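Here is a brief report on one protein chain. Please keep the sequence and the 3D view open while reading.

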Amino acid sequence: MNVRNCRKCGKLFNYMSGMPICPACKDKLEEKFQAVKKYIRENRLADIKQVAEDCEVEVGQIQQWIREERLEFTEDSPVKIPCENCGASIRSGKYCEKCKREMTNNLSSVMDKPKAVLVEPKKPQSTGNKMRFLDRQ
């Protein structure tokens, strides 16, 4: 049993996986997520600071939801976050499409190449290593 303190409220809870927050705080966070999602649908041109203020959510939490691809904004929305690789503005996720393609190509090229197997040549057995006896008395 893995018991931890909740990162939000400090209460002890049985930690399973994911963010170290208790079930009550997870439920509150999910309610806020749904409120943010509804607000964004109704106010498509609101920037991230305005969304955070009106929904009483931290900007960092909204950015985390965007990185997790739980939130995605329209093309005309002013809300954008930087790609973690090149810094280009993106609407959702961690990487822009260009960086995703490059990573996929790099990984597939590594996976496709068969690895050369190194075989060590066998050492020739020398016939000079025989058992020898000392003079017996």
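The sections below go from the overall fold to the surface, the loops and the salt bridges.

## Overall architecture

This is a predicted model. The chain contains four helices and four strands. Read from the N terminus, the order is β-β-α-α-α-β-β-α.

The chain has 137 residues, and 24% of them count as buried. Contacts with a separation of 6 or more can be split further by sequence distance. Of these, 26% join residues 24 or more positions apart. The exposed area of the chain is about 11400 Å². Carbon and sulfur atoms supply 51% of that area.

## Surface patches

One patch is positive. Its members are Arg4, Arg7, Lys8, Lys11, Lys28 and Lys32. Lys32 sits in helix 1, which spans residues 23-42. The relative accessible area of Lys32 is 36%, so this residue is partly exposed. Patch members must have over 30% relative accessible area, and Lys32 has 36%.

Another patch is nonpolar. Met1, Val3 and Leu12 make it, and it covers about 390 Å². Val3 belongs to strand 1, residues 3-5. Val3 has a relative accessible area of 42%, so it counts as partly exposed.

## Loops and backbone

Which loop holds Asn85? Asn85 lies between strand 3 (81-82) and strand 4 (89-90). Setting aside neighbours within four places in sequence, Asn85 is in contact with Tyr95, Cys99 and Met103. Cys96 is 11 residues from Asn85 in sequence. Their C-alpha atoms are 8.2 Å apart in space.

Two glutamates have a positive phi, although neither is a glycine. For Glu56, phi is about 55 degrees. Glu56 is in the loop between helix 2 (48-55) and helix 3 (59-67). Is Glu56 buried or exposed? Its relative accessibility is 63%, so Glu56 counts as exposed. For Glu69, phi is near 65 degrees. Glu69 is placed in the loop between helix 3 and strand 3.

## Salt bridges between elements

How many salt bridges does the structure hold? There are six. Glu30 pairs with Arg70 in one of them, with the closest N and O atoms 2.8 Å apart. This pair links distant parts of the chain. Glu30 is in helix 1, while Arg70 is in the loop between helix 3 and strand 3. The two residues are 40 residues apart. Glu30 has 31% relative accessibility, so it counts as partly exposed. Arg70 is also partly exposed, because its relative accessibility is 35%.

Arg91 and Glu72 form another salt bridge, with an N to O distance of 3.4 Å. Arg91 is in the loop between strand 4 and helix 4 (97-112), and Glu72 is in the loop between helix 3 and strand 3, so the pair ties together parts 19 residues apart in sequence. The partners fall into separate exposure classes: Arg91 is partly exposed at 25% relative accessible area, whereas Glu72 is exposed at 53%. The cut-off for exposed is over 50%, so Glu72 qualifies at 53%.

## A salt-bridge network at helix 4

The side chains of Glu97 and Lys100 also meet in a salt bridge, at 3.6 Å from N to O. Both residues lie in helix 4. They are three residues apart, about one turn of the helix. Glu97 counts as exposed, because its relative accessibility is 52%. Lys100 is partly exposed, with a relative accessible area of 29%.

Which residues are linked with Glu97 and Lys100 in a network of salt bridges? Glu69 is part of this network. Glu69 is the residue with a phi near 65 degrees, and its place is in the loop between helix 3 and strand 3. That loop also holds Arg70, the partner of Glu30, and Glu72, the partner of Arg91.

Key
Residues are numbered from 1 along each chain as its sequence is written. This is a predicted model: local features need pLDDT of at least 70, side-chain atom pairs count only at pLDDT 80 or more; totals for chains, interfaces and linings use all residues. Side-chain values use heavy atoms; hydrogens and water are left out. Buried means under 20% relative accessible area, exposed over 50%, partly exposed in between (1.4 Å probe, protein chains only). Contact means heavy atoms within 4.5 Å. Accessible areas come from the Shrake-Rupley method with a 1.4 Å probe; for residues, only the protein chains shown count as cover. Patches are made of residues with over 30% relative accessible area and no salt bridge: like charges are joined within 9 Å, nonpolar side chains (Val, Leu, Ile, Met, Phe, Trp, Tyr) within 5 Å. A salt bridge is a side-chain nitrogen of Lys or Arg within 4 Å of a carboxyl oxygen of Asp or Glu. Lys and Arg count as positive and Asp and Glu as negative; His and the chain ends are not counted. The place of a charge is taken as NZ of Lys, CZ of Arg, CG of Asp or CD of Glu.
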